[in-house]
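Student: I should like to work through this model by asking, for each label, what justifies it. May we begin with the confidence of the prediction and then turn to the residues?

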Amino acid sequence: AAAAASRAAPAAATRYVSGKNPDGPRPKGDDRGTKRDGSYLQCLAGCASRCEQASPGQATKTRGECLNLCRDECCATYEQCTYTIPGT
């Protein structure tokens with residue numbers, strides 16, 4: 001009983017609410033980790049162009065199919081991994 005009482009309560013864990021940033025609002029112009037992040041968009045564009053090129057023995061994929069496949073490869077945050085890419 002004494003050992004249980006001497007244990008410290010665990011620190012408050014970060015609570016993630018769907019679609020909300022647990023660290024509060026971002027400064028204006030800060031696109032890191034969003035769907036407008038430059039490195040994420042470059043990764044999507046490069047992956048989609050590689051995917052669209054037909055490999056021998058494989059069917060050609062549409063840009064929409066490629067973007068959906070590439071999103072999993074390129075995303076690093078909840079927002080990037082879950083938003084709907086228009087036209088897919």
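Tutor: pLDDT is the predictor's confidence in each residue, from 0 to 100. The model is predicted, and its confidence is lowest in helix α1 (residues 2–6), at a mean of 52, and highest in α2, at 92. For the protein, the mean pLDDT is 79, and 73% of its residues reach 70 or more.

Student: What makes up the secondary structure of the protein, and in what order do its elements run?

Tutor: There are 4 helices and 0 strands. Read from the N terminus, the order is α-α-α-α.

Student: How do you know that Thr 34 is buried rather than exposed?

Tutor: Buried means under 20% relative accessible area. Thr 34 has a relative accessible area of 6%, so Thr 34 is buried. The residue is found in the loop between α1 and α2. Residues up to four places away in sequence aside, Thr 34 touches Arg 26, Tyr 40, Glu 79 and Gln 80.

Student: Asp 31 lies in the loop between α1 and α2. Why is Asp 31 called partly exposed?

Tutor: The label applies between the limits for buried, under 20%, and exposed, over 50%. Asp 31 has a relative accessible area of 34%, and therefore counts as partly exposed. Not counting residues up to four places away in sequence, its contacts are Arg 36 and Asp 37.

Student: Why does Tyr 83 count as buried?

Tutor: The relative accessibility of Tyr 83 is 17%, and the limit is under 20%, so Tyr 83 counts as buried. Tyr 83 is found in the segment after α4. Neighbours within four places in sequence left aside, Tyr 83 is in contact with Lys 35, Tyr 40, Leu 44 and Arg 71. With Lys 35, the C-alpha to C-alpha distance is 7.7 Å, although the two residues are 48 apart in sequence.

Student: How many aromatic pairs does a search of the whole structure find?

Tutor: The search finds 1 aromatic pair. Its members are Tyr 40 and Tyr 83.

Student: Why is the pair of Tyr 40 and Tyr 83 called edge-to-face?

Tutor: Ring centres must lie within 6.5 Å to pair, and planes over 60 degrees apart count as edge-to-face. Here the values are 6.5 Å centre to centre and 70° between the planes, so both conditions are met and the pair is edge-to-face. The pair links distant parts of the chain: Tyr 40 is in helix α2 and Tyr 83 in the segment after α4 (78–82), 43 residues apart. Both tyrosines are buried.

Student: What makes up the largest nonpolar core?

Tutor: The core has 12 residues in all, among them Tyr 40, Leu 44, Cys 47, Cys 70, Cys 74 and Tyr 83. Helices α2 (38–52) and α3 (63–74) each supply at least two residues of this core. The largest share, 5 residues, comes from α2. In soluble globular proteins, nonpolar side chains tend to be buried together. Cys 47, a member of the core, touches Cys 70, Glu 73 and Cys 74, not counting residues up to four places away in sequence.

Student: Why does Ser 49 count as partly exposed?

Tutor: Its relative accessibility of 33% falls between the 20% and 50% limits, so Ser 49 counts as partly exposed. Ser 49 is found in helix α2. Its side chain reaches the backbone oxygen of Gly 46 at 2.9 Å, and a polar contact requires N or O atoms within 3.5 Å. The C-alpha atoms of Ser 49 and Arg 63 are separated by 8.2 Å, and these residues are 14 apart along the chain.

Student: What makes Thr 82 partly exposed?

Tutor: Thr 82 has a relative accessible area of 46%, which is not over 50%, and therefore Thr 82 is partly exposed. Thr 82 is found in helix α4. A polar atom of its side chain lies 2.7 Å from the backbone oxygen of Tyr 78.

Student: What percentage of the protein's residues are buried?

Tutor: Buried residues make up 22% of the 88 residues. The accessible surface comes to about 6,800 Å², of which 53% belongs to carbon and sulfur atoms.

Note on methods. Residues are numbered from 1 along each chain as its sequence is written. This is a predicted model: local features need pLDDT of at least 70, side-chain atom pairs count only at pLDDT 80 or more; totals for chains, interfaces and linings use all residues. Side-chain values use heavy atoms; hydrogens and water are left out. Buried means under 20% relative accessible area, exposed over 50%, partly exposed in between (1.4 Å probe, protein chains only). Accessible areas come from the Shrake-Rupley method with a 1.4 Å probe; for residues, only the protein chains shown count as cover. A nonpolar core is a set of buried Ala, Val, Leu, Ile, Met, Phe, Trp, Tyr and Cys residues joined through side-chain atoms within 4.5 Å. Contact means heavy atoms within 4.5 Å. Rings of Phe, Tyr and Trp (its six-membered ring) pair if their centres lie within 6.5 Å; planes under 30 degrees apart count as stacked, over 60 as edge-to-face and the rest as tilted. A polar contact is a pair of N or O atoms within 3.5 Å; within protein, one must be able to donate a hydrogen and the other to accept it, and residues adjacent in sequence count only if both atoms are side-chain atoms.
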